[in-house]
Each structure stands twice: as structure tokens, then as C-alpha cells.
Amino acid sequence: ITITGDSSVFEPKHFEIPTNFKFKTTPYQHQIEGFNFGMTHDRWLLADSMGLGKTMQVINIAVALKNQHKFSHCLIICGVNGLKWNWVNEIKIHSNESSWILGQRTNKNGKVTVGGNKEKIADIDRLDEIDDFFIITNIESLRNEDIANKLSKYCSDGTIGMVACDESHTCKDVTSQQGKGLLKLQPNFRIAMTGT
């Protein structure tokens, strides 16, 4: 492969881990390298193979960037719907932050369920009241123009300071509704993730 243009973009930059940030779980060396890259680049693709801890790296990057830039939320977009619950669990393991799945409700039996677009829009409309740092949704929700536009507004005003798109290979068609919705989201920091 020949890379033309400015190759300095791929060179590692020196980065000191912020003094107000501590890893909750001990990272491997490649995860520290990914963390350092993420702290010095605002838009990039994390393409580690499956099982190498992309989720952990993104969680740590989001928390460290929050500490530095003081934004309220990181939006996680899952290219595979079932991964929402995996993110909730990984956030508990690797950080001291909390998470909220857009549209989640607790029924009278105490079971947490995720509603449809109406419930997701209701959550987005009260995003300023949600204390959870990580906001999680699935890529299909961005097919709804109201959801995409409302999330875009929060990205533009800095409330959502980072967006991470997990399994980003599933939403690579920029002409699709969800692809167009995803492209509307322009926060200060974006990470696409795929092991495929």
C-alpha cells in the first residue's frame, strides 16, 4: 500500500495522560497506544481486530476528553442493535460513568425495556436533564429525521462532545437514511469502530 499526501497524520504524537484521569481497568500496551492516538486526533477509525478491546479504548478516550473539554454526553451508536446492552455492561466495568439507552423504560415488573422512536425522541427532548454521560442508541434510530436532527443540534452546541459508531461497517452507505442521519452528527470528536 502506498500512502500519498501528509503521512505525519499517521505518526504517533506525544501525549501525556491527564493527571485528572485514571484507568479503572488496566489497559494493555496496544490499548494505551489507541488511547494516546484518540487523545490527539479528533476524527478517526479504530480498526483493531475483534477481541482486542476497542470498546474499552473508546470508553477511556470519552471520559478523558470529557475531563479536558467539559462536554455533557458521549453518544454511542451501535451498528448492531443487540450491542447496546454490551456497551452498558462495558461502561460499568471500565469507567465510573453511567449510561442511558435512548428510549429505555422500566416497566411495572422492574424490567428495563427499550421503546420506539416516540420514547427516544422524548429522551432526546430532555437530554439536558439526563445525568448519564454515555447515551446509547442503534444506527436504525437515525433513519428517523427528527431523531437525527435533534441529536445533530446537541452535537453542534457541544452538549454531545463525542460520537462513537460501533460496527461502523454496517452503516457505510452514505445515501441510506441512516447514513445521512449519521453524517448530520458533527461533534468535536468522532470515532468509527470496526473489527471487520
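In this predicted model, ring pairs join F71, F133, F134 and F189 into a cluster. By the ring-pairing rule, the chain holds seven aromatic pairs. One of them brings F71 and F189 together: the ring centres are 6.4 Å apart and the planes sit at 35 degrees, so this pair counts as tilted. F71 comes from the loop between α2 and β2 and F189 from strand β8, so the pair ties together parts that are 118 residues apart in sequence. Both partners are tucked away, F71 being buried with a relative accessible area of 7% and F189 being buried at 12%.

The pair formed by F133 and F134 has another geometry. Here the ring centres are 4.8 Å apart and the planes meet at 70 degrees, so the pair is edge-to-face. F133 is buried, with a relative accessible area of 1%, and F134 is buried too, with a value of 0%. Leaving out residues up to four places away in sequence, F134 touches I59, A62, V63, C74, I76, I91, S95, E97, S98, S99 and W100.

F134 also leads straight into the packing of the interior. The largest nonpolar core has 28 residues, and F134 is listed with W87 and M162 as those with the most contacts inside it. At least two residues of this core come from each of α1 (29-40), β1 (43-46), α2 (54-69), β2 (73-78), α3 (83-94), β6 (134-138), β7 (160-166) and β8 (189-193). Helix α2 gives the most, with seven residues. Apart from this core lies another one, of 22 residues, with I135, Y154, C155 and L182 among them. In soluble globular proteins, nonpolar side chains tend to be buried together.

Two charged side chains sit over aromatic rings. R126 lies over the face of W100, at 5.4 Å from the ring centre; W100 is also one of the residues that F134 touches. In the other case, the charged end of K153 is placed over the ring of Y154, 4.1 Å from its centre, and Y154 is itself one of the residues of the 22-residue core.

Stepping back to the whole chain, there are six helices and eight strands. Read from the N terminus, the elements run α-β-α-β-α-β-β-β-α-β-α-β-α-β. The C-alpha trace spans about 50 × 40 × 30 Å along its principal axes. For 196 residues, a compact globule would have a radius of gyration near 16 Å, and the 17 Å of the chain agrees with that. As for burial, 45% of the 196 residues count as buried. Contacts reach far along the sequence: of those with a separation of 6 or more, 74% are between residues 24 or more positions apart.

Not every buried side chain is nonpolar, and Q31 is a handy case. This glutamine belongs to helix α1 and is buried, with a relative accessible area of 6%. A polar atom of the Q31 side chain lies 2.8 Å from the backbone nitrogen of Y28. Setting aside neighbours within four places in sequence, Q31 is in contact with L52, G53, M56 and Q57.

A couple of residues with some exposure round out the picture. H69 is found in helix α2 and is partly exposed, at a relative accessible area of 42%. H69 and G158 are 89 residues apart in sequence, yet their C-alpha atoms are 9.6 Å apart in space. T113 belongs to strand β5 (residues 112-114) and is partly exposed as well, at 32%. Beyond its neighbours up to four places away, T113 touches G103, Q104, R105 and N107. T113 and I101, twelve residues apart in sequence, have a C-alpha to C-alpha distance of 9.5 Å.

Methods
Residues are numbered from 1 along each chain as its sequence is written. This is a predicted model: local features need pLDDT of at least 70, side-chain atom pairs count only at pLDDT 80 or more; totals for chains, interfaces and linings use all residues. Side-chain values use heavy atoms; hydrogens and water are left out. A nonpolar core is a set of buried Ala, Val, Leu, Ile, Met, Phe, Trp, Tyr and Cys residues joined through side-chain atoms within 4.5 Å. Buried means under 20% relative accessible area, exposed over 50%, partly exposed in between (1.4 Å probe, protein chains only). Helices (H or I, at least four residues) and strands (E, at least two) are DSSP runs, numbered from the N terminus. Contact means heavy atoms within 4.5 Å. A polar contact is a pair of N or O atoms within 3.5 Å; within protein, one must be able to donate a hydrogen and the other to accept it, and residues adjacent in sequence count only if both atoms are side-chain atoms. Rings of Phe, Tyr and Trp (its six-membered ring) pair if their centres lie within 6.5 Å; planes under 30 degrees apart count as stacked, over 60 as edge-to-face and the rest as tilted. A charge sits over a ring if NZ of Lys or CZ of Arg is within 6 Å of the ring centre and within 35 degrees of the ring normal. The radius of gyration is taken over C-alpha atoms; the globule rule is 2.2 Å times the number of residues to the power 0.38.
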